[in-house]
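Ready for some practice in reading a protein complex? Work through the exercises below with the model open beside you, and try each task before you look at its solution.

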Amino acid sequence: MRQSTVDLHSLTIEQAGALLAKREISAVELTRATLERIGATEPQIHSFITVTEEVALAQARAADERRARGETGPLLGIPVGIKDIILTKGIRTTAGSKILGNFVAPYDATVTRKLLDAGAVCVGKTNCDEFAMGSSTENSAFEVTRNPWDHERVPGGSSGGSASAIAARQCLGTLGTDTGGSIRQPAACCGIVGIKPTYGRVSRYGVVAYASSLDQVGPMAKTVSGCTHLLQVIAGHDRSDSTSVNRPVPDYAARLDGSAQGLRIGIPREYFVEGMQPEVEQAVRAAVRILERLGARVSEVSLPHTEYAIPAYYLIATAEASSNLARYDGVRYGLRTAESDGLLAMYQRSRAAGFGTEVKRRIMLGTYALSAGYYDAYYLKAQKVRTLIRRDFEKVFASQDVIVTPTAPTTAFRIGEKTSDPLQMYLSDIFTISVNLAGLPGLSLPCGFDASGLPIGLQIVGRPFEEETVFRAAHAYEQATDWHEKTASSFKLQAASR
Amino acid sequence: MNYEAVIGLEVHAELLTQSKVFCGCSAKFGAPPNQNTCPICLGMPGSLPVLNRRVVEYAVRAGLAAGCRIARYSRWARKNYFYPDLPKGYQISQYELPVCVGGMIDIETDAGSKRVRLTRIHMEEDTGKNIHDAHGDASLVDFNRCGVPLLEIVSEPDIASAQEAGAYLRKLRTLLQYLEICDGNMEEGSFRCDANVSVRPRGTTAFGTKVEVKNMNSFRAVERAIAYEITRQAEVLDSGGRLIQETRHWDPDREVTRPGRTKEFAEDYRYFPDPDLLPLIVSDEWVDTVRRDIPELPDARRQRFVSEYGLPEYDADVLTMRKDVADYYESAVRAYRNPKALSNWVMGDVLRIIRERKLENNLVIHDWPVAPERLAAMVELLDSGEISSKIAKAVFEEMVSTGKTPVQIVAEQGLTQISDEPAILAAIDQVIAAHAGKVAEYRAGKDKLFGFFVGQVMKATQGKANPQKLNELLKAKLSA
């Protein structure tokens with residue numbers, strides 16, 4: 001019994017699903033194992049802002065009852081973590097910010113409701129950069145999340161807690177959000193799989209907004225298959241989100257055939273830049289060769305406006321953020337400083353005390369970009385660049401099915417290494433940001449390790465609403481390799497003994 | 001110096017939709033504070049707007065009726081500023097691409113008829129309401145109004161006097177009421193007006209310094225405030241002073257405009273397209289559907305009242321000023337066809353009651369006790385000689401206060417007119433017998449006393465004597 005409990009938390013979603021379906025384990029047992037694992041590892045890792053033990057056990061019992069009544073489903077009884085920027089009714093939802101430190105969500109986000117309706121068990125709310133602004137989770141107002149592969153390093157960000165929770169086997173699946181790489185970059189840093197779906201594929205209702213035209217919720221898990229099950233549940237049209245698109249959701253898991261036969265892969269030359277870690281380039285090139293062996297046809301392609309992606313992103317995203325974050329004014333909810341001399345002072349003091357440095361920096365940048373006299377030069381021009389970037393992709397996708405690139409230029413960096421240099425931090429997302437600007441689906445999965453034993457991520461980008469093609473390519477690669485089977489502690493032991 | 005005023009008006013009209021513009025909350029006025037709210041109109045984290053289609057329909061209706069070009073592609077924009085009654089820190093509005101462009105309102109004043117051009121009509125959400133001073137030193141916010149749909153109707157600076165401004169507003173309000181998209185209640189704030197006023201030496205073309213005047217809660221206030229502001233600006237210029245571009249508030253008690261708090265910085269609303277809402281695209285077919293549903297508009301109705309009911313222009317004007325009044329009148333005429341008599345009653349007693357009871361809200365007279373059919377029935381009793389016109393006045397008041405039908409009132413109170421000759425003659429005989437002296441004076445040539453005798457006979461019959469009969473018989477008796 002003890003032995004099996006230890007093993008349960010290491011299961012993938014599909015393995016656990018099979019055991020639950022055969023009634024070999026119960027959702028309560030699985031959830032207990034997960035919570036024990038969280039209890040044992042959380043003091044070192046800090047993946048969660050809030051662990052919802054009682055809620056999780058109640059939901060697990062309900063899942064077991066549903067199964068007893070004959071219900072089935074790949075997520076029924078599966079313990080998951082939800083990024084703390086996604087609203088969970090009755091549970092504190094902070095967005096990683098002091099300004100929402102005591103905010104208990106009055107309603108469920110659509111993705112939360114869909115997960116719970118499917119029988120998933122919420123074990124906690126995962127840590128993230130404040131309002132999803134960051135690439136290391138160091139901007140969280142609450143704690144610094146450690147990379148399970150090396151506790152001195154960051155897990156990536158902003159969905160760092162969602163990535164580390166999977167890598168540390170604290171739960172089986174998580175939800176993250178991705179505005180410029182916030183699912184894919186931490187997935188790469190933590191050696192797991194994460195996908196940012198097409199903009200409009202998943203509802204944003206109930207997701208604390210950072211940059212509305214770029215934000216998208218997506219799943220993170222140990223395997224491609226795990227991500228398909230999560231996306232299957234959260235994807236689809238939502239009347240509460242006008243930007244969600246009314247298109248049927250294909251059966252993602254059914255398309256995974258382990259083959260890359262006939263797949264046309266484009267490798268953009270702009271994505272192998274000077275200054276990137278050589279091991280990352282080597283691992284990605286090796287991964288492409290494997291995909292070729294699996295039947296894919298590989299061509300070099302060009303995305304000529306790539307170099308303008310970061311500046312365009314930091315104008316559009318911050319402009320939207322400056323407006324989206326105006327609601328945190330201390331009037332109706334959230335932090336309000338005690339004594340204020342008048343209305344203006346109340347705003348100024350509450351926001352000064354409630355927001356962290358990076359958030360303030362982005363609010364100021366965005367406010368500037370939208371100001372009279374600068375709007376055309378900054379915001380409008382950035383939107384034009386965005387159109388050019390989108391067209392770059394459209395041209396490539398006329399002859400390619402997917403684009404394969406590194407997810408990030410380096411593996412996980414050291415905690416504190418880039419906090420004093422925002423521009424260096426921004427470059428962490430150099431390969432992921434264009435995908436958000438173009439609204440495309442992008443997935444990251446493990447494709448190797450560097451000499452320090454840190455995971456390397458491979459990014460696969462698809463046409464709008466063709467997540468199934470991205471999944472198929474990723475799954476084929478995953479089946480042909482064993483990177484995903486390595487776990488943080490076991491690999492570290494190997495690395496240490498070498 | 002001789003100045004001319006250059007005035008443009010910005011009207012905010014609350015739309016009569018069931019629900020708010022971006023959420024399902026009720027848009028009704030008058031609920032207990034913060035009852036009509038939800039995460040969306042409270043600006044809770046993560047909430048998103050979803051457009052109420054009816055709002056676009058109403059905006060297009062207004063645009064078509066005012067001769068605007070309906071934009072097939074328009075866009076929502078965020079207007080960013082901080083204020084406690086604005087929960088998101090921005091107002092969802094329209095900016096560079098409004099739904100209606102151009103258009104005009106034709107007005108009539110003593111100076112003749114004039115066309116006031118419209119710049120645009122756009123949709124936006126209303127804000128909540130801050131409540132100060134009610135709870136010690138705390139200010140409270142009521143978000144019931146937050147998210148109620150508004151049309152902002154912006155005129156070109158084509159208005160040249162307070163009188164023209166009043167005529168424009170009345171015409172515009174009538175139009176919106178006819179379209180059944182706004183109740184036009186200035187006191188409750190469902191029809192609000194700000195004025196941009198400037199003056200320039202008559203005959204010149206450059207614009208003077210513009211002052212925005214706010215806080216005008218009635219047509220009268222708008223007219224008074226504009227008149228005041230024109231005089232004030234002219235006086236400043238005549239005394240060699242300079243005007244500053246500012247916002248001034250009308251003080252209705254002291255009848256002056258006062259400067260608002262001067263801002264250190266010019267307000268920069270940082271408008272940008274709202275990324276939470278898709279561009280608004282309306283098809284030609286849909287616009288045609290909306291056009292087909294537009295009811296008869298005031299000008300057409302006025303002309304029809306003249307031709308169909310034979311009413312004088314003046315009557316037609318008064319009756320069609322408010323759609324509910326015109327509807328009321330037509331229902332009455334349908335029930336009993338004496339258009340002129342009914343017009344007199346509606347223009348006189350019905351409108352008087354509306355004024356007295358402040359039934360300013362459009363469409364309210366449908367609910368009051370004197371249904372149009374009852375007014376018609378009363379006029380019919382009058383025409384048939386069943387009651388006298390004097391009694392009719394009393395019956396009308398009784399209908400207003402008790403809600404009974406005229407037939408009921410007449411029967412219950414025995415108000416049927418006495419036309420029966422012997423009964424009237426008996427009363428006349430009585431009066432003549434009682435006032436022998438006055439009869440002698442009359443017969444001696446003091447004709448003025450005739451009225452006295454009429455009054456006495458009426459008194460004796462409790463006012464029920466048929467006045468015409470009474471006159472005839474009395475005259476005959478006195479001259480006998």
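**Exercise 1. Judge the confidence.** Find out how far the predictor trusts each chain and the complex, and where chain A has a pLDDT below 50.

Solution. Start with chain B: its pLDDT averages 91, and 97% of the residues score at least 70. Here pLDDT is the predictor's confidence in each residue, from 0 to 100. This is a predicted model, in which local features need pLDDT of at least 70, side-chain atom pairs count only at pLDDT 80 or more, and totals for chains, interfaces and linings use all residues. Residues are numbered from 1 along each chain as its sequence is written, while chains are lettered from A and ligands numbered from 1 in the order in which they are written.

Next, take chain A, where the mean pLDDT is 95 and 97% of the residues reach 70 or more. Residues 1–6 of chain A have a pLDDT below 50, and this stretch has 2 contacts in the model beyond near neighbours in sequence. Two residues are in contact if their C-beta atoms, placed from the backbone, lie within 7 Å. The pLDDT is also below 50 over residues 493–498 of chain A, a stretch with 1 contact beyond near neighbours in sequence. Where pLDDT is low, the predicted coordinates should not be read in detail.

Last, look at the complex: the predictor gives an ipTM of 0.95 and a pTM of 0.89.

**Exercise 2. Trace the sheet of chain A.** Which strands are the edge strands of the open sheet in chain A?

Solution. First write down the order, β1-β3-β2-β4-β6-β5-β10-β11-β9-β7-β8 in chain A, which makes 11 strands with mixed pairing. Helices (H or I, at least four residues) and strands (E, at least two) are DSSP runs, numbered from the N terminus. Two strands pair if DSSP finds at least two bridges between them.

Now go to the ends: β1 (48–51) and β8 (297–301) of chain A are the edge strands, each pairing on one side only. From one strand to the next, the twist averages 30°.

Then zoom in on one pair. β1(A) and β3(A) are antiparallel and share 3 bridges, and V51(A) stands opposite G124(A) in β3(A). Across β1, β2 and β3 of chain A lies helix α3 (residues 27–45), running at about 20° to β3(A). Such angles run from 0 to 180 degrees between N-to-C directions, and axes are lines fitted to C-alpha atoms, for helices over the stretch in contact.

**Exercise 3. Spot unusual backbone.** Where is the cis peptide bond in chain A, and which residue has a positive phi although it is not a glycine?

Solution. The cis peptide bond joins G157(A) and S158(A), with omega about 10°. S158(A) sits in the loop between β3 (121–126) and α6 (160–167) of chain A. The positive phi, about 60°, belongs to A95(A), which is found in the loop between β2 (79–83) and α5 (110–117) of chain A.

**Exercise 4. Classify a helix pair.** Describe how α12 and α15 of chain B pack.

Solution. Begin with the geometry: α12 (residues 421–434) and α15 (residues 467–479) of chain B pack at an angle of about 50°, with their axes 10 Å apart. That makes α12(B) oblique to α15(B): angles under 35 degrees count as roughly parallel, over 145 as roughly antiparallel, 65 to 115 as roughly perpendicular and the rest as oblique.

Then list the contact. α12(B) gives E421(B), I424(B), L425(B), I428(B) and I432(B), while α15(B) gives K469(B), L470(B), L473(B), L474(B) and K477(B). These residues divide into 7 nonpolar, no polar and 3 charged. Ala, Val, Leu, Ile, Met, Phe, Trp, Tyr, Cys and Pro count as nonpolar, Asp, Glu, Lys and Arg as charged, and the others, Gly among them, as polar.

**Exercise 5. Explore where the chains meet.** How many residues does each chain give to the contact?

Solution. Chain A gives 34 residues and chain B gives 25 residues. On the side of chain A, the elements giving two or more residues are α10 (309–324), α11 (343–354) and α12 (357–370) of chain A. The largest share, 3 residues, comes from α10(A). By class, this side of chain A has 18 nonpolar, 9 polar and 7 charged residues.
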